[in-house]
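Student: I've got a model on my screen and I'd like to talk through its holes, pockets and sheet. Can you walk me through it?

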Amino acid sequence: MNLGIDTLTLRKRLGGNEAALRLLAAAGFDCADLTLDDMTEEHCVWNRDSYREAAAALRALADGLGLRFHQAHAPWTFDWTRDLWAREDAFQKTVRAIEIASIVGAKNIVVHVIQRGDYAAGYQREDFLTNLDWYRSLQPHAQRFGVRIGVENLHRTGTDGVRSPNVLSDPAQMTHMLDELGGENFVGCVDVGHAYLLGIDPAEMLRSLGRRVGMLHIQDTVRGEDCHMLPYFCGLDWDSVLRALAEIRYDGVFSLELPGFFEHFPAETLPDAVRLAEKTGRYLADRLERLREAQ
């Protein structure tokens with residue numbers, strides 16, 4: 001089973017995706033998850049007319065390093081309170097992100113839900129239908145570029161910093177969304193930490209979604225916080241998670257998402273932290289492979 005990891009914090013700390021990819025390759029990772037959060041910044045390379053050339057150059061660098069982009073992450077920090085303007089801005093940037101994912105060779109890209117209103121105050125049905133429409137608007141572009149959209153379980157963060165459920169936090173709601181969208185251009189992306197922080201058993205979420213799961217965000221965290229730490233640093237039961245993944249016959253990339261973990265190391269020890277992440281992720285991926293083979 002291949003091992004992947006996101007580029008988010010490494011890109012920021014090292015000054016670009018190129019340096020991040022070199023560090024990941026040196027540590028032994030197989031794959032990289034291209035995080036395109038910087039597309040919300042006006043002068044980002046992905047917002048220039050030369051974005052296609054930049055994506056092709058990044059893919060060439062990855063190929064030369066023996067890495068491949070297995071998935072990507074569309075930008076997500078849009079101000080949905082501005083409604084129509086935000087929707088159009090998010091749509092245009094997300095379509096471009098899907099194209100960039102295609103150019104670098106990624107087969108999947110996570111696209112977050114639209115978050116507006118107070119989900120706990122009667123907006124559940126409205127939020128579901130709004131997001132069903134949102135994802136359906138992107139489907140033709142996913143099909144055109146040959147990239148599947150990953151629908152991720154998320155949470156809502158209030159102005160007081162308290163995290164609470166949103167439209168896709170519940171396994172039944174997420175299953176319903178994926179079934180409404182259909183399986184050709186959409187897959188489930190389960191962030192095991194997002195489930196755990198809300199008090200949802202990640203293993204049960206994986207079992208509920210079953211073969212709809214096509215992507216993973218592997219991170220450790222504590223109740224009520226979204227830490228994105230390396231497994232075994234916080235509260236998740238990794239034996240339980242691996243058993244559930246084996247039961248649903250997950251055969252995709254074992255993909256870490258660790259921006260919180262990499263924030264805490266001095267620059268001089270960051271390569272050691274990346275090597276530790278690779279060793280820990282490889283241990284878990286190998287265990288999962290053995291569990292799948294034993295069934």
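Tutor: Sure. Before we start, a cavity here is a set of grid points where a 1.4 Å probe fits but cannot get out, and lining residues have an atom within 4 Å of a point. Keep in mind that this is a predicted model.

Student: Which residues line the largest cavity, and how do they divide by class?

Tutor: The count comes to one cavity of 30 Å³ or more, and the largest cavity holds about 50 Å³ of space. Around that space you'll find A74, P75, W76, F78, W80, T94, V111, H112, V113 and W134. Sorted by class, this lining has no charged residues, two polar and eight nonpolar.

Student: Now the largest pocket: which element gives the most to its lining?

Tutor: This pocket has about 740 Å³ of space, and 31 residues line it, with W76, T77, H112, H155 and D226 nearest its centre. Two elements give two or more residues to that lining, namely helix 10 (259-262) and strand 6 (155-157). The top contributor, with three residues, is strand 6.

Student: And by class, how many residues of that lining are charged?

Tutor: Take the other classes of the largest pocket's lining: eight are nonpolar and 13 are polar. The charged ones number ten.

Student: What about the second largest pocket: how does its lining split by class?

Tutor: Its volume is about 250 Å³. Of its 21 lining residues, R148, V187, V213, G214 and M215 are the closest to the centre. Strand 3 (68-73), helix 6 (171-181), strand 8 (186-191) and strand 9 (213-217) each supply at least two residues. The class split is seven nonpolar, seven polar and seven charged.

Student: Which strands sit at the edges of the sheet?

Tutor: Read the order across the open sheet of eight strands, 9-8-5-4-3-2-1-10, with parallel pairing. An edge strand pairs on one side only, and here those are strand 9 and strand 10 (254-256).

Student: How much are neighbouring strands of this sheet turned against each other on average?

Tutor: Ignore direction and look at neighbours in the sheet: the average turn is 30°.

Student: Zooming in, which residue of strand 9 is the bridge partner of V190?

Tutor: Strand 8 and strand 9 pair in the parallel sense over four bridges. For V190, the partner in strand 9 is L216.

Student: Last one: at what angle does helix 11 run to strand 10?

Tutor: Helix 11 covers residues 270-294 and lies across strand 1 (3-6) and strand 10. Its angle to strand 10 is about 150°.

Conventions
Residues are numbered from 1 along each chain as its sequence is written. This is a predicted model: local features need pLDDT of at least 70, side-chain atom pairs count only at pLDDT 80 or more; totals for chains, interfaces and linings use all residues. Side-chain values use heavy atoms; hydrogens and water are left out. On a 1 Å grid over the protein atoms alone, a cavity is a set of points where a 1.4 Å probe fits but cannot get out, and a pocket is an open set with protein on both sides within 12 Å along at least five of seven lines; lining residues have an atom within 4 Å of a point. Grid points are joined across faces, edges and corners, and a volume is the space filled by probe spheres set on the points. Ala, Val, Leu, Ile, Met, Phe, Trp, Tyr, Cys and Pro count as nonpolar, Asp, Glu, Lys and Arg as charged, and the others, Gly among them, as polar. Two strands pair if DSSP finds at least two bridges between them. Axes are lines fitted to C-alpha atoms, for helices over the stretch in contact, and angles run from 0 to 180 degrees between N-to-C directions. Contact means heavy atoms within 4.5 Å.
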